[in-house]
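User: I would like a close look at a single part of this model, with the cut-offs stated as they come up. Please begin with the question below and then go on to the rest.

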Amino acid sequence: MSAKIKKSFCIVCFVMSFAMADFNPFAAEVINISLNGPNTPFYLPAPGQKVNVWAFYLAEIALGSPNGGGTQLQNNDEVVTLGGFGGQIVLAFDHDVENNPANPKGLDAIVFSNAIWYNSNPNQHWAEFATIEIMPELNDNNIPGDYPGEKWYIIPGSDLPDPCSWRTQTWDDEDDGYPGFDGWPETYDTNAFELFPLYQDIDPGYPVIWAFVNPNIEDSDPCNDNLEGAWGYAEYTPTLLLGDRNSDDSTTGFGDVNDMPAELFYTIPDDPCTVGIDAGACGGDAFDIEWAVDPCTWQAANLDSFRYIRLTTAVDVNELGALGEISAEIDAVSDVRPYGDINGNNEVDYFDLELFAESWLSVWSNDNFNAAADFVVDNKIDFLDYSKFAFGFNPLGE
């Protein structure tokens, strides 16, 4: 990283030192849903091959910023496993994640996992889908579900058309072959919406390598080849290395900023409906609060915000060769940074305006270039970025 870029981010970090004092863009708390009271693991994984491995059942790993491994390297040391079908974790933010039209692409939050592209192919996802549900906090007591309207709303994504796929899975340690936790019931139930992704053996010469292959590249329509075959679920899109702004699994290339603060990098969403990872985006699986529906009626939830998020393994497959059983692994969840927010405090005000002015008409190689102000991600700060800044500018917080 050149001295000129570091200079720009010293300015950012100076402002962040007081502007971000009370703002954390990442999930901040694990809501205890354990079957065993206050004991670990604090969440409800279904039995699976990794749920009894200490490094994989520490629920608090899902808090704070992600530890991206890139498109090829799974960050297996920094994730919490949900186990088999219906295994779930509930996380809470310390603020309301808002349905903000000033967010890039209108997306509001991002779920990070250890998903990777198989063989560097963005149309082949070695993924283990998890559904996303959100709940608002309506009476400000930080107790989920204790007030009318505080219920789970599902993000249906591309492949959940109605409530019919909701079902219960009964797990038995002896019958299923994957042990549960010591002190837990030998048999217990989990519930989830079940997804039926089309897994394929994409390397017959190897001991069964299964992946989700984008069906749009295999149909007869060439116009949809750049569209994702699945979206709206966790454990699908890789989490990039911190500062990798061109998704090449390196942080030293043109446009990269390898000392970019996590609060600024891991709050830039990728378009979940297009193949690959957008320039400047951090990877992960972004979603829009407006996608949420009532799980009973499948009608739009019309939420303004959410405080709690529930992530649940949604595929019931126990034998996938080298892949093992389907078990989503979660790294982190973040709020999305709105256009114009350069210091990362979730507001766009005169502090941001000052930072933007300091980087005006700069390019990536200049001393005063500030990647956090490069909203259109073309490695220069000009009128295109100003239009984005102006769109989000809201000094009165209205």
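Is C164 buried or exposed? After that, please look closely at the loop between β14 and β15, and then at its surroundings in the account.

Analyst: This is a predicted model, in which local features need pLDDT of at least 70 and side-chain atom pairs count only at pLDDT 80 or more, while totals for chains, interfaces and linings use all residues. Residues are numbered from 1 along each chain as its sequence is written, and side-chain values use heavy atoms, with hydrogens and water left out.

C164 is exposed, at a relative accessible area of 67% (buried is under 20%, exposed over 50%, partly exposed in between, with a 1.4 Å probe and protein chains only). C282, by contrast, is buried at 0%. The structure holds zero disulfides, a disulfide being a pair of cysteine sulfur atoms within 2.5 Å.

The loop itself runs between β14 (305-313) and β15 (329-335), and A314 lies in it (strands are DSSP runs of E, at least two residues, and helices runs of H or I, at least four, numbered from the N terminus). A314 has a relative accessible area of 0%, which means that this residue is buried. Leaving aside residues up to four places away in sequence, A314 touches F85, F129, A130, T131, F193, E194 and L195 (contact is heavy atoms within 4.5 Å). To F129, which is 185 residues away in sequence, the C-alpha to C-alpha distance from A314 is 5.9 Å.

S327 sits in the loop between β14 and β15 as well, and is buried at 2% relative accessibility. With the same sequence exclusion, S327 touches T81, G83, G84, E128, E235 and T313. Its side chain also makes a polar contact of 2.9 Å with the side chain of E329 (N or O atoms within 3.5 Å, one able to donate a hydrogen and the other to accept it; residues adjacent in sequence count only if both atoms are side-chain atoms).

Outside the loop, S387 belongs to helix α5 (residues 383-392) and is partly exposed at 40% relative accessibility. A polar atom of the S387 side chain lies 2.6 Å from the backbone oxygen of L384. The C-alpha atoms of S387 and F375, 12 residues apart along the chain, are 9.3 Å apart.

Helix α5 packs with α4 (residues 350-358) at about 180°, with axes 12 Å apart. This makes α4 roughly antiparallel to α5 (angles over 145 degrees). In that packing, D352, L353 and F356 of α4 meet D385, Y386 and F389 of α5.

Methods:
Axes are lines fitted to C-alpha atoms, for helices over the stretch in contact, and angles run from 0 to 180 degrees between N-to-C directions. Angles under 35 degrees count as roughly parallel, over 145 as roughly antiparallel, 65 to 115 as roughly perpendicular and the rest as oblique.
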